[in-house]
Amino acid sequence: MIRTPLRTPLRVGLVGAALVGCGLLAVPAAAGATPMSAPEADTTEVSAASVALAADYWTPERMRSAIPADVLLADAETSANSAGVEAGAPVTYAGSEADVEEDVPSGLPLPGPGVGKVFFELNGSRYVCSGNSVGSANGSVVATAAHCVHGGGAGESFASQWVFVPGYHEGEAPFGVWAATSLSVPQQWSEGNDISYDSGFVKVGTVAGHTLTQTVGSSAIAFNQPRGLDYTAFGYPAAPPFDGGTAKSCRGTAVADPFLQTQSQGIPCDMTGGSSGGPWFLTSGVQNSTNSFGYVGLDDVMFGPYWGSVAQSAYVAVAS
């Protein structure tokens, strides 16, 4: 009998100065970037009352008490033949620079304030992940992992008290706390708990009358790209030896799942839990995946979902 490898908390590390130049570049939308329907997305709206309460709920003490959300992956399913993962034409949606003049704190790590931490509640517990501001028509979308948005599988629910803290640094929220107004994940995650579809997208409200993109900018986002590309990943690892105080990074060339259990790709990385949902950037600065999971017995390799038409559907559901 073949023993199935176990997934383990993410373990990712700092690359350092070699990452200079990996900014959040805005690129024109590809010709195929026309709006599409989202039949494969599961989306929920957050009430105005809940939106108003969420930002105040996350005090510094509650943020510190949040645990890395990788523990939610213990029961995730694997499927090497996940239908629809690679269906669709290549497409890129443009990002943009910030419009609002802000005092950027000194010491803010690369790649910039668009990368931040995600906090939420699920089944009575507080969790922390990572995320990134991505380009959209509404200027208000955060890309993260599906397990940082929904419990995964039939009978599970969407997260509550969901907020994004762009540019989080050593306990500070220099650009404010942005509460979710709608959340979206692939149905393959919300109904089937399939880790190959571990992609989540969240629309957030405004802060001081400005959108997220106006305040911190946004990176371009691409779907249905070739496999085996070079990536630089960012996240906020919070499990030892890291403390979640600052963003870390790693980079490498993506390879297929060596156990053939998923359609995800892996890159060399040693980040720990808390980095889930952090962005994977192509060399152009365009986001094309997120931190998702690792395997017990396969050290220093982190996997991210392939972003095909299903992930695109979940993005489109909250991007207009």
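A residue counts as buried when its relative accessible area is under 20%, as exposed when that area is over 50%, and as partly exposed in between. These classes are applied here to a predicted model, with attention to its salt bridges, its disulfides and one of its helices.

The count of salt bridges comes to 2. In one of them, the side chains of Arg-126 and Glu-121 meet with a nitrogen-to-oxygen distance of 3.8 Å. Arg-126 has a relative accessible area of 28% and is therefore partly exposed, whereas Glu-121, at 18%, is buried. The other salt bridge pairs the side chains of Arg-64 and Glu-61, with N to O at 3.6 Å. Both Arg-64 and Glu-61 belong to helix 2, which spans residues 60-65, and they are 3 residues apart, about one turn of the helix. In an α-helix there are 3.6 residues a turn, so residues three or four places apart point the same way. Arg-64 has a relative accessible area of 60% and is thus exposed.

A search of the whole structure identifies 2 disulfides. When the bonded cysteines are counted along the chain, the pairing follows the pattern 1-2, 3-4. One disulfide is formed by Cys-129 and Cys-148, whose sulfur atoms lie 2.1 Å apart. The torsion about the S-S bond of this pair is about -80°, so the disulfide is left-handed. The pair links distant parts of the chain: Cys-129 is located in strand 6 (residues 125-134), and Cys-148 in the loop between strand 7 (141-144) and strand 8 (160-166), 19 residues apart. Cys-129 is buried, with a relative accessible area of 0%, and for Cys-148 a value of 0% likewise places the residue in the buried class.

The other disulfide joins Cys-250 to Cys-269, with an S to S distance of 1.6 Å. The link of Cys-250 and Cys-269 is left-handed, with -85° about the S-S bond. Here, too, distant parts of the chain are linked: Cys-250 lies in strand 13 (residues 248-253), while Cys-269 lies in the loop between strand 15 (265-268) and strand 16 (279-281), 19 residues apart. Both Cys-250 and Cys-269 are buried.

Burial was also examined in helix 5, which comprises residues 309-319. Of the 11 residues in helix 5, 10 are buried, so this helix is largely enclosed by the rest of the structure. Among the buried residues of helix 5 are Ser-309, Val-310, Gln-312, Tyr-315, Val-316 and Ala-319.

Note on methods: Residues are numbered from 1 along each chain as its sequence is written. This is a predicted model: local features need pLDDT of at least 70, side-chain atom pairs count only at pLDDT 80 or more; totals for chains, interfaces and linings use all residues. Side-chain values use heavy atoms; hydrogens and water are left out. A disulfide is a pair of cysteine sulfur atoms within 2.5 Å. Helices (H or I, at least four residues) and strands (E, at least two) are DSSP runs, numbered from the N terminus. Buried means under 20% relative accessible area, exposed over 50%, partly exposed in between (1.4 Å probe, protein chains only). A salt bridge is a side-chain nitrogen of Lys or Arg within 4 Å of a carboxyl oxygen of Asp or Glu.
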